[in-house]
Amino acid sequence: MRSTLTKSSLCLSAFFCLITPAFAADPLNLLLIDGQNNHDWKRTTPVLKSFLEKSGRFTVDVATSPPAKAEGSAWDAFRPDFSNYQVVLSNYNGELWPKPVQKALEEYVSGGGGLVIVHAANNAFPNWPEFNRMIGLGWRGAGFGDRVTVDDKGSVVRTAKGEGPGAGHGAQHEFSVVTRDRQHPVMMGLPIEWMHAKDELYHGQRGPAADMHLLATAYSTKSTGGTDAHEPMVWWIPFGKGKVFTTVMGHGDYSMKCVGFQTIVARGCEWVATDKVTLPIPKSFPTADKSLSVE
Ligand code: ZN
């Protein structure tokens, strides 16, 4: 009798081991911000929320701003309490936030909070200097700041403001993403090169790019309307005690369904929040020749 009991409790624990994520840590609280974007945020926010929650590592709250040109008082209610969250993810590209919200985000990140910027979120707030420092490079004109690319030998090249192209992108297409820092916790174990689902390949991003750590690039071909340069796709920047992690991938919901995109964003969120990455790289991952998307 005793041995039967032991056996069934063993089975039970094995069962729970199977359904419980590999880490025992409490989920991280993540705040996703949307509400204005020249992109279809009503379609992309659910994709972001879904894969982050499915990872088992996050609980996701969404703070939606008032719509564009809302009455002044509509913004009074938009006061996200960043201090409740270990990571803030911006899917927002719209009107400048009220001063108290700007200040709250600056204090949150400089105090050690994590901020993650996806695609057009780096188009926002050109006139907010601290935001430009946080993101390093944004969708700005050539005269705004430096440009960063990588040459064929893998060396980082800075182009001074005013020289070369400003922000843009060619026709959407699938493109190859090259890992540039294989030792970084988010990138460790990723293929050196993998095929990303159809997306816009941003080029000519501009900004102060101070303390910028470049993690991945993509080659922008002339034939798709690009720049003939290896353009930054993923990078991070320290801001006070906090970290800001950016990927310019993620134009459409179809781009965000890419397993590579989801892996990098989820691991990036975990890393800015905890300084560590426990989320695994999926066994099925895009290869150098073939993209891979999930519903
Ligand atoms: Zn876009």
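This report walks through a zinc site, a cavity and several individual residues in a predicted model.

**The zinc site**

The zinc ion has four protein donors, namely His-39 through NE2, His-119 through NE2, Glu-200 through OE and His-251 through ND1, and these lie 2.0 to 2.1 Å from the ion. Along the chain the donors follow the spacing H-x79-H-x80-E-x50-H. Two of the donors, His-39 and His-251, link distant parts of the chain, being 212 residues apart. His-39 sits in the loop between strand 1 (28-34) and helix 2 (41-54), while His-251 sits in the loop between strand 13 (242-247) and helix 5 (253-256). Both His-39 and His-251 are buried.

Why is the arrangement of the 4 donor atoms around the zinc ion called irregular? The angles that these donor atoms subtend run from 93 to 158 degrees, and four donors count as tetrahedral only if all angles lie between 85 and 135 degrees. The upper end of the range, 158 degrees, is outside those limits, and the arrangement is therefore irregular. As a point of reference, the ideal angle for four tetrahedral donors at a metal is 109.5 degrees.

**The cavity**

The model holds 1 cavity of 30 Å³ or more, and the space in this largest cavity comes to about 40 Å³. Among the residues that line the cavity are His-39, His-119 and His-251, each of which is also a donor of the zinc ion. The lining further includes Asn-37, Thr-44, Asn-91, Val-118 and Met-256.

**Thr-45 and its partners**

Asn-91, one of the residues lining the cavity, also has a polar contact of 3.1 Å with Thr-45, formed between the two side chains. Thr-45 lies in helix 2 and, because its relative accessible area is 7%, it counts as buried. The side chain of Thr-45 is joined to that of Asp-34 as well, by a polar contact of 2.8 Å. When neighbours within four places in sequence are left aside, Thr-45 is in contact with Leu-32, Asp-34, Val-62 and Asn-91.

**Gln-205 and Glu-231**

Gln-205 has its place in the loop between strand 10 (202-203) and strand 11 (213-220), and with a relative accessibility of 3% it counts as buried. Which backbone atoms does the side chain of Gln-205 reach? It comes to 3.2 Å from the backbone nitrogen of Trp-139, and to 3.0 Å from the backbone oxygen of His-203. Apart from residues up to four places away in sequence, Gln-205 touches residues including Asn-122, Trp-139, Asp-146, Arg-147, Val-148 and Gly-168.

Glu-231, found in strand 12 (residues 229-239), is buried, with a relative accessible area of 1%. Arg-147 and Val-148, which Gln-205 touches, are also among the contacts of Glu-231, together with Thr-149, Leu-201, Tyr-202, His-203 and others. Although Glu-231 and Val-148 are 83 residues apart along the chain, their C-alpha atoms are separated by 7.4 Å. A polar atom of the Glu-231 side chain lies 3.3 Å from the backbone nitrogen of Gly-204, and Gly-204 is listed among the contacts of Glu-231 too.

**Positive phi and a separated pair**

Most residues other than glycine have a negative phi. The table sets out two residues of this model in which the value is positive.

| Residue | Phi | Place | Relative accessible area |
|---|---|---|---|
| Phe-125 | near 55 degrees | loop between strand 4 (114-118) and helix 4 (129-135) | 3%, buried |
| Asp-275 | near 75 degrees | segment after helix 6 (259-274) | 46%, partly exposed |

Is Phe-125 buried or exposed? With a relative accessible area of 3%, Phe-125 is buried, because the cut-off for that class is under 20%. Asp-275, at 46%, is partly exposed, since that class covers the values between the limits of 20% and 50%.

Ala-70 is likewise partly exposed, with a relative accessible area of 23%, and it is placed in the loop between strand 2 (58-64) and strand 3 (87-90). Its C-alpha atom is separated by 31 Å from that of Asp-199, a residue 129 places away along the chain.

Conventions:
Residues are numbered from 1 along each chain as its sequence is written. This is a predicted model: local features need pLDDT of at least 70, side-chain atom pairs count only at pLDDT 80 or more; totals for chains, interfaces and linings use all residues. Side-chain values use heavy atoms; hydrogens and water are left out. Helices (H or I, at least four residues) and strands (E, at least two) are DSSP runs, numbered from the N terminus. Buried means under 20% relative accessible area, exposed over 50%, partly exposed in between (1.4 Å probe, protein chains only). A polar contact is a pair of N or O atoms within 3.5 Å; within protein, one must be able to donate a hydrogen and the other to accept it, and residues adjacent in sequence count only if both atoms are side-chain atoms. Contact means heavy atoms within 4.5 Å. Donors are N, O and S atoms within 2.8 Å of the metal (3.2 Å for Na, K and Ca); water is not among the atoms, so sites may look incomplete. Four donors count as tetrahedral if all angles lie between 85 and 135 degrees; four count as square planar and six as octahedral if opposite donors are over 155 degrees apart and all others between 65 and 115; anything else is irregular. On a 1 Å grid over the protein atoms alone, a cavity is a set of points where a 1.4 Å probe fits but cannot get out, and a pocket is an open set with protein on both sides within 12 Å along at least five of seven lines; lining residues have an atom within 4 Å of a point. Grid points are joined across faces, edges and corners, and a volume is the space filled by probe spheres set on the points.
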